[in-house]
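Here is a short note for someone opening this model for the first time. Please read the points with the structure in view.

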Amino acid sequence: MAQAPVRYSPDIEDVKSDEAETIAKLNETFDTILEKTAEDYGHAVRSVHAKAHGFLEGTLTIHGDLPAELAQGMFATPGDHKIVMRFSTNAGDILPDTISLPRGLALKVMDVQGDRLPGADGRTQDFVMVNGPVFQNKTADQFLSNLKLLAGTTDRLEGTKEAMSKVLRGVNTVLSAVGIESPKVQTLGGAPNTDPLGETYFSVTPFRYGDYVAKFAIFPVSKDLTDQTGTTIDASTRPDALRDVIRTETQVFEMEWELRVQLCRDLDKQPIEDPTTEWKQDDAPFQTVATIRAAKQDSLSEDKFQHINEEMRFAIWTGLAAHRPLGNINRARNETYRHSANFRARVNGCPFHEPVGAQA
């Protein structure tokens, strides 16, 4: 019999006294990336996940008859919500796809009812995910150290980055063959250059889940998508190969994913403050709470690029109090995401507004 899920209480977090100082330094470092890329491109882009590969509009259907432990927060009310999805790569500069980095998927769900997190405008719930189950750093100050190194190479040494990426992909292949996954190797350019539509995406960090605590993931389930899982994309002659592939596939594919929840059942095995520790599915299985469907469409139309890439921000602190982000890394993401978005809005003269369902 599965262990009962851990109940949420504020004391499951361990807030450090120096977190505000670390966040200020993160913002300073992000400014280095933001200012450099804005100068080079003549246009401000995101400080992370700058390069988008495609955008989808669709519907998220929250399942009825969920057990009580899953019918929490926005998932307590069955029904359909319009959504948008943004596929990306995690670097803060726009690199050729020969430099293979972890993929990202941002999901925005419209017309979500309930008490909002502080400063969360509109009626949307955002999920920001990557195609791996763990984060590369345990704490925000460790992430800051790595970010400073990355900031020094922003928009520089593309040829060197491409060569290093090729070497690191080989290293990653060897490690994977013996059952070792290295988020650090993948973050530096050793991620497999696979089709983003076939990937599974994880929240990596934990969130409040109403009365409980959980991580989220999005799994591809339609055959057209699962057939692409692990499929390697040759980007050697196409700097925007991922955009080309996704654009071709989304116009012919039947696209369906499941949004699944992994309830925390043991704080030692599923820690709140250490996103480098994977929550093993044997101990905390994923359970489906909603289905995402997207009709055949052009994933890179001008109106989608403008509406989703330029006019929207995706942030884990945009949403319900019932899904409050938890842990040191998540607390650091609150002000830093907003800081980055405000920079883009100011430089581009394009303020952000949370959309409503009719606009999706």
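1. Two rings of Phe, Tyr or Trp count as a pair if their centres lie within 6.5 Å. Planes over 60 degrees apart make the pair edge-to-face. This is a predicted model. By that rule it holds 12 aromatic pairs.

2. Start with Phe-87 and Tyr-201. Their ring centres are 6.2 Å apart and their planes meet at 65 degrees, so the pair is edge-to-face. The two residues come from distant parts of the chain. Phe-87 belongs to strand S2, residues 79-89, and Tyr-201 to strand S5, residues 201-202. In sequence, 114 residues separate them. Both Phe-87 and Tyr-201 are buried.

3. Turn next to Phe-202 and Phe-219. The ring centres lie 6.2 Å apart with the planes at 70 degrees, so this pair is edge-to-face. Phe-202 sits in strand S5 and Phe-219 in strand S7, which covers residues 212-220. The pair links distant parts of the chain, 17 residues apart. Phe-202 is buried, and Phe-219 is buried too.

4. Which residues do ring pairs link into a cluster? They are Phe-75, Phe-127, Phe-207, Tyr-209 and Phe-216.

5. Charged side chains also meet rings. Arg-260 lies over the face of Phe-219, 4.0 Å from the ring centre. Phe-219 therefore has a part in two contacts, one with the ring of Phe-202 and one with Arg-260. Lys-108 lies over the face of Phe-314, at 5.1 Å from the ring centre.

6. How many disulfides are there? The count comes to zero. A disulfide is a covalent bond between the sulfur atoms of two cysteines. As for individual cysteines, Cys-264 has a relative accessible area of 0%, so it is buried. Cys-350 stands at 18%, and it counts as buried because the cut-off is under 20%.

7. Now the internal space. The model has three cavities of 30 Å³ or more. The largest has a volume of about 70 Å³. What lines the largest cavity? The residues are Lys-51, His-53, Thr-89, Ala-91, Asp-93, Leu-95, Pro-96, Asp-97, Ile-99 and Leu-101. By class, the lining has five nonpolar, two polar and three charged residues.

8. One lining residue, Asp-97, deserves a second look. Asp-97 and Asp-240 are 143 residues apart in sequence, yet their C-alpha atoms are 5.9 Å apart in space. Asp-240 is in the loop between helix H5 (223-226) and helix H6 (241-250). Is Asp-240 buried, exposed or partly exposed? Its relative accessible area is 32%, so Asp-240 is partly exposed.

9. Check the backbone as well. Most residues other than glycine have a negative phi. Asp-65 has a positive phi, near 60 degrees. Asp-65 lies in the loop between strand S1 (51-62) and S2. With a relative accessible area of 84%, Asp-65 is exposed.

10. Asp-111 is not a glycine either, and its phi is positive at about 55 degrees. Asp-111 lies in the loop between strand S3 (103-109) and strand S4 (125-130). Asp-111 is partly exposed, with a relative accessible area of 37%.

Conventions:
Residues are numbered from 1 along each chain as its sequence is written. This is a predicted model: local features need pLDDT of at least 70, side-chain atom pairs count only at pLDDT 80 or more; totals for chains, interfaces and linings use all residues. Side-chain values use heavy atoms; hydrogens and water are left out. Rings of Phe, Tyr and Trp (its six-membered ring) pair if their centres lie within 6.5 Å; planes under 30 degrees apart count as stacked, over 60 as edge-to-face and the rest as tilted. Helices (H or I, at least four residues) and strands (E, at least two) are DSSP runs, numbered from the N terminus. Buried means under 20% relative accessible area, exposed over 50%, partly exposed in between (1.4 Å probe, protein chains only). A charge sits over a ring if NZ of Lys or CZ of Arg is within 6 Å of the ring centre and within 35 degrees of the ring normal. A disulfide is a pair of cysteine sulfur atoms within 2.5 Å. On a 1 Å grid over the protein atoms alone, a cavity is a set of points where a 1.4 Å probe fits but cannot get out, and a pocket is an open set with protein on both sides within 12 Å along at least five of seven lines; lining residues have an atom within 4 Å of a point. Grid points are joined across faces, edges and corners, and a volume is the space filled by probe spheres set on the points. Ala, Val, Leu, Ile, Met, Phe, Trp, Tyr, Cys and Pro count as nonpolar, Asp, Glu, Lys and Arg as charged, and the others, Gly among them, as polar.
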